[in-house]
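Okay, thanks for squeezing me in. I'd like to walk you through some helix packing and a few backbone oddities, so have a look at this one.

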Amino acid sequence: MRQITEKNIEKNEKYNLIIKKAGFEAFLPFQKKLIEAFPGNKYIVAETKEGCGKTLGIALSVIENTDPSSPGLKSIVIASSHENAEKISILFKKLSQRKATTLRAIAANPDRNIKKDSRLLGKQPDIFISTADSIIDQIRSNNISLDSIQSCILEDSDVDDFHSFEKDIEFIFSKLTGTRSSSKKQFFMVFTKEKEHNYSFYQFFKKPITIDCTETGEEKNMDNSFIQNIVSKIKEAPDINSLAEVKKLIKKNVPFFTRGYFSAWLLIKYAEQNGYNIQASENEKEDKDFKTIFINVGKTKRLFAKDIAGIILSSKAAEESDLKRIKVFDSYSFIDVTTSKAEAILNTINGFTFKGKKLGADYAKKQQKSASAREK
């Protein structure tokens, strides 16, 4: 009994380290349910919702069910979009840099370049994070071996064509030896936005358990109304002079470019005290009125978010309200724009000469285009 207790204490310490290194104060109810489900269960299907903490849940699933000392590629994370793959990869990089895990993760290139991904795999990572089509490309090219895989995690949050997604996963699962032989134990985890999807690849699962993460009942989302309520309180404050004094104190002690983060930190603390979910925006709901545009240039070519916005706004192709979100990485960028203005924005960016280089742009590719990879 003493050994079991010590083991539990050790695990709790590991989990607490991960949550702190990830930058959060405490686990969300969804993540707690995952941790409780891990022992003894090799096949788990969890229904997720916005802001439940899915990204950290994916990281926990891999870390808990992967032995870092084993040779070869140990885990694959099948994301439903390149944006999600990059997001998961960034979290693993943060956890690795902060010594919360020794597992090394890489994300596939968003342009589905087989040679580039092959070079990344040549660096012998522990975890490969990619969309199903990119993984299939590597399997077909004999650039990846799934023989040593210990854990396979997938999520379907951005899937539109569920039939194609289902067939892609079936193909990948058929290459995992553990799905055909009980002698090799592998961990499989599905994060699904609708657990009613009775995927055909569930046939590979032996005695799966399901988690309904939408029934936590403990979370309140920190939405716009929450923030607007704070703004209203500021306007109605009886002693506005006291606020002015605090404002001076902040101005004196907090550098200009840090004040946004300073405000965000205070807002998070205030939200926690009032029982609100501080991760409400982690898996921000995809607005159907917006489309994502991929740009083939990023920070290495000195292209930044303000430059992308400037190109669009100066051309009058759209208003500032049409630009939802801009994400700039080293070699490429993404921008979410209003659907009605997407074509005009795409035409403006595509072929635009920026610092001597012509920009290339296209709509971000979705999972439903991946079926052709299996038909070669």
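So, H2 goes past H3 in a right-handed crossing; handedness here means that the near helix is turned clockwise from the far one by less than a right angle, while anticlockwise would be left-handed. Before I go on, this is a predicted model, where local features need pLDDT of at least 70 and side-chain atom pairs count only at pLDDT 80 or more, while totals for chains, interfaces and linings use all residues. Numbering starts from 1 along each chain as its sequence is written, and side-chain values use heavy atoms, with hydrogens and water left out.

Back to that pair. H2 covers residues 29–37 and H3 covers residues 54–64, and their axes come within 9 Å and cross at roughly 15°. The axes are lines fitted to C-alpha atoms, for helices over the stretch in contact, with angles from 0 to 180 degrees between N-to-C directions. H2 and H3 are therefore roughly parallel to each other; the bins are under 35 degrees for roughly parallel, over 145 for roughly antiparallel, 65 to 115 for roughly perpendicular, and oblique for the rest. Who does the touching? On the H2 side you have Phe30, Gln31, Leu34 and Ile35, and on the H3 side Lys54, Leu56, Gly57, Leu60 and Ser61, with contact meaning heavy atoms within 4.5 Å. By class, that contact of H2 with H3 has five nonpolar, three polar and one charged residues.

Now compare H5, residues 114–121, with H6, residues 132–140: their axes come within 10 Å and cross at roughly 80°. H5 and H6 are therefore roughly perpendicular to each other. Here Ile114, Asp117, Ser118 and Leu121 of H5 meet Ser134, Asp137 and Gln138 of H6. That contact splits into two nonpolar, three polar and two charged residues. For those classes, Asp, Glu, Lys and Arg are charged, Ala, Val, Leu, Ile, Met, Phe, Trp, Tyr, Cys and Pro are nonpolar, and the others, Gly among them, are polar.

Next up, H4. Does its length add up, or what should its 16 residues span at 1.5 Å a residue? For residues 82–97 the expected span is 22 Å, and the end C-alpha atoms are 22 Å apart, which agrees; the expectation is 1.5 Å times one less than the number of residues. Buried residues in H4 include Ile88, Leu91, Phe92 and Leu95, where buried is under 20% relative accessible area, exposed is over 50%, and partly exposed is in between (1.4 Å probe, protein chains only). Just after H4, lysine 99 takes a positive phi of about 65°.

And that's a theme. Most residues other than glycine have a negative phi. Lysine 207, though, has a positive phi of about 55°. Lysine 207 sits in the loop between strand E6 (187–192) and strand E7 (209–212), and is exposed, with a relative accessible area of 79%. Lysine 355 has a positive phi too, about 50°. Its loop runs between strand E11 (353–354) and strand E12 (357–358), and at 62% relative accessibility lysine 355 counts as exposed.

Zooming out, the protein chain has twelve helices and 13 strands, both being DSSP runs numbered from the N terminus (H or I, at least four residues, for helices; E, at least two, for strands). Buried residues make up 46% of its 376 residues.
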